[in-house]
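Take a look at the sequence and the model below. The paragraphs that follow walk through a few places in it.

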Amino acid sequence: MNILVIGSGGREHALAWKMKQSPIVDEIWSAPGNPGMHEIGPCFDVKIDDNDALEKLALQLDPDLIVIGPEQPLANGLADRLRARGYDVFGPNAGAAQIEASKGFSKDIMAKYKIPTAAYRRVTDLAAGKAFLDTLTPPYVLKADGLYAGKGVIIAETREEADAALAGMLSGSMGSAGAEVVIEEFMHGEEASVFALTDGENVVLLPAAQDHKRVGEGDTGKNTGGMGAYAPAPVVTDKLMKKVRDTIVIPTLKGMKAEGHTYQGVLYVGLMMTDTGPKVVEYNCRFGDPECQVLMAGLEGDIVPLILACSTGGMSASDFAQMAPQGGFQPTATVVLATKGYPDAYEKGSVIDGVSAANELADVMVFHAGTDVRDDGALVAVGGRVLNVTASAQNLDQAFDSAYSGVDAIKWPEGFCRRDIGWRVRQKS
């Protein structure tokens, strides 16, 4: 079978890399792809926000399966258009994608279907926001309702910071995404991410992962799209995973169906493991980035049958369960190499050397995220988060060490990374 992957980041590179290993896959095409994805199969220079061009490309290529990686095309209704053309698509329709595209929508779903989460209020004016902040204690959580490239959350340590952030968001600091703001109580605990692959009725849960959102070591500084991740996350025990499935994942899917938004694809559940049990921090309508990289690298079996089953639907629960990757999961870690200045302003075009040397290390794989190739053949950085240096091993400590060995093999003076990925689990080992 032939598969078209929509996207150009490390997440999509990891998906393409993993699916290419399947014995039932012939070709992997990508749009727009990146230099790493080009090594897997042809890439087509089509923007992910151009539904017309992507639909035209699909009609030209006629793939057996289309996998949509990023949230924006899902929110834009790309899956709806491609399904209407008769294609099997991995990713929710626009109605279901609201679970990420609108933080207010997702919080209302949680409230209505009694899914454990933080207390919240949706506000569109400063007075209402300040009134709700009066009921909370610091720190404060403020979220742009709409999509903002994974950086629409502000954790304000003081009331003054919260008031300033709220005023800024409502006055346009995050564009239309912040026209409505969701204010939440701050939840204490350890975060983790659980990924549920579903056809709308049946569910397979992948191992829990843990991301590192803050740009600075010790989880300090601004939020980013993610500076590194690892899986499995020991904080989510087998007992807790069952509780997440029974009290969060299944009620969410049932609630979405009841609202007329049957959910197909992967449901990303961001969790806070609190003293009173797991609670939802947020939902996403796609794989996390960089969590997807560690999941694809760590899974030992074939992921394609499960992705296809999610896309087509109609299976019995027992048959769907059989589609899960057969085999175990190797502990895996990834370290994000980013351009200096990220998540604020940064320069593009710096030359990166040593990626091939890193890939030659045992059990190391470098996924491309924000790279391009110049006319002279040099690999250059064109994004904020640029490379995901990923490694699998017998245990997490070895995976971290191997990933950082891969980082050290790459020569890029204009780049940086956090050197403490996995610090919580390493402290406990």
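Which cysteine sulfur is closest to the sulfur of C292, and why is there no bond between them? The closest one is in C310, and at 13 Å it is too far for a bond. This is a predicted model: local features need pLDDT of at least 70, side-chain atom pairs count only at pLDDT 80 or more, and totals for chains, interfaces and linings use all residues. Residues are numbered from 1 along each chain as its sequence is written, and side-chain values use heavy atoms, with hydrogens and water left out.

Stay with the cysteines. A disulfide here is a pair of cysteine sulfur atoms within 2.5 Å. By this rule the count is 0 disulfides. C285 fits that picture: the closest cysteine sulfur, in C292, is 13 Å from its own, too far for a bond. Both residues are buried, a term for under 20% relative accessible area (over 50% is exposed, in between is partly exposed; 1.4 Å probe, protein chains only). C285 has a relative accessible area of 2%. C292 is at 0%.

C292 leads on to helix α11, residues 291–298. Helices are DSSP runs of H or I with at least four residues, strands are runs of E with at least two, and both are numbered from the N terminus. Helix α11 is mostly covered, with 8 of its 8 residues buried. Among them are E291, Q293 and M296.

Now move to a strand. G270 sits in β15, which spans residues 265–274. G270 counts as buried because its relative accessible area is 5%. What does G270 touch, leaving aside its neighbours within four places in sequence? Contact means heavy atoms within 4.5 Å. On that basis G270 is in contact with A192, K279, V280, V281 and E282. I24 is another matter: G270 and I24 are 246 residues apart in sequence, and their C-alpha atoms are 32 Å apart in space.

The last stop is a loop. S102 lies between α6 (94–101) and α7 (103–112). Is S102 buried or exposed? S102 counts as buried, because its relative accessibility is 12%. Its side chain makes a polar contact of 2.9 Å with the side chain of D145. Such a contact is a pair of N or O atoms within 3.5 Å; within protein, one must be able to donate a hydrogen and the other to accept it, and residues adjacent in sequence count only if both atoms are side-chain atoms. The S102 side chain also reaches the backbone nitrogen of F105, at 3.0 Å. Beyond its neighbours within four places in sequence, S102 is in contact with R122 and D145.
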